[in-house]
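Reader: Could you take me through one part of this model in close detail? I would like to look at a single loop and then see what surrounds it.

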Amino acid sequence: MSALVPRFFGDMTDWLELEFPLRAGHMIRVEDLMTEHEYVLRAELAGIDPEKDVQLSIENGILTIHAERKEEIQTRHRTEFRYGMLQRSVRLPANADEQHVTAKFGKGILEVTVPLKAIEPTAKQITIAKAE
């Protein structure tokens with residue numbers, strides 16, 4: 001019985017990785033880092049041609065990566081690769097400079113760099129007039 005528990009839970013890990021609510025396609029694995037000057041998002045896209053199969057867009061402060069991994073027809077015994085549409089959307093920081101975003105691709109990793117603007121103070125001083 002104790003040998004079945006890890007096996008049972010090990011088989012359930014795939015559904016824990018799904019994006020909720022479920023969408024057509026699979027979620028791209030990402031990691032991000034924010035410094036004082038930039039927000040960097042790294043996406044795992046192994047086996048995908050970035051020039052043909054990846055689109056990157058920003059709309060209303062949301063960065064979306066859309067990719068497609070095409071399945072090669074061949075006889076195989078087992079595959080855990082995910083084929084078809086892959087997508088991931090992340091909300092950018094409020095001070096993101098959306099006009100100067102850059103992206104590069106190497107060794108199966110898409111790296112998107114978003115410069116951050118200086119945060120402007122939102123507080124406003126109000127002059128108090130002397131009552132007569």
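Author: Let us go straight to Asn60, which is found in the loop between β4 and β5. Helices and strands here are DSSP runs, H or I of at least four residues for helices and E of at least two for strands, numbered from the N terminus. This is a predicted model, in which local features need pLDDT of at least 70 and side-chain atom pairs count only at pLDDT 80 or more, while totals for chains, interfaces and linings use all residues. Residues are numbered from 1 along each chain as its sequence is written, and side-chain values use heavy atoms, with hydrogens and water left out.

The phi of Asn60 is near 50 degrees, a positive value in a residue other than glycine. Asn60 counts as exposed because its relative accessibility is 67%; buried means under 20% relative accessible area, exposed over 50%, and partly exposed in between, with a 1.4 Å probe and protein chains only. The loop belongs to a hairpin with two residues between β4 and β5. Those strands, residues 54-59 and 62-69, pair in the antiparallel sense over six bridges, where pairing requires that DSSP finds at least two bridges between two strands. One of these bridges joins Val54 of β4 to Ala67 in β5.

Now compare the loop between β7 and β8, where Lys107 lies. Lys107 also has a positive phi, near 55 degrees, and is a residue other than glycine. With a relative accessible area of 87%, Lys107 is exposed. On either side of this loop, β7 and β8 (residues 109-115) pair in the antiparallel sense over five bridges. Thr102, for its part, has Thr113 in β8 as its bridge partner.

β7 and β8 lead us to a wider sheet. Four strands form this open sheet in the order β2-β3-β8-β7, with antiparallel pairing. β2 (30-34) and β7 (102-106) stand at its edges with a single partner strand each, so one side of each is left without a neighbour in the sheet. Neighbouring strands of the sheet are turned by 15 degrees against each other on average, direction ignored; the axes are lines fitted to C-alpha atoms, for helices over the stretch in contact, and angles run from 0 to 180 degrees between N-to-C directions.

The loop before β7 offers a contrast in exposure. Asn95 sits between β6 (84-91) and β7, and it is buried, with a relative accessible area of 18%. Not counting residues up to four places away in sequence, Asn95 touches Pro115, Leu116, Lys117 and Ile119, a contact being heavy atoms within 4.5 Å.

Stepping back, the protein chain has two helices and eight strands, which run α-β-β-β-α-β-β-β-β-β from the N terminus on. Of its 132 residues, 23% count as buried. Among contacts between residues at least 6 apart in sequence, 48% join residues at least 24 apart.

A word on confidence: pLDDT, the predictor's confidence in each residue from 0 to 100, has a mean of 82 over the protein chain, and 74% of the residues reach 70 or more. Over residues 13-24 the pLDDT is below 50, and this stretch has nine contacts in the model beyond near neighbours in sequence. Where pLDDT is low, the predicted coordinates should not be read in detail.
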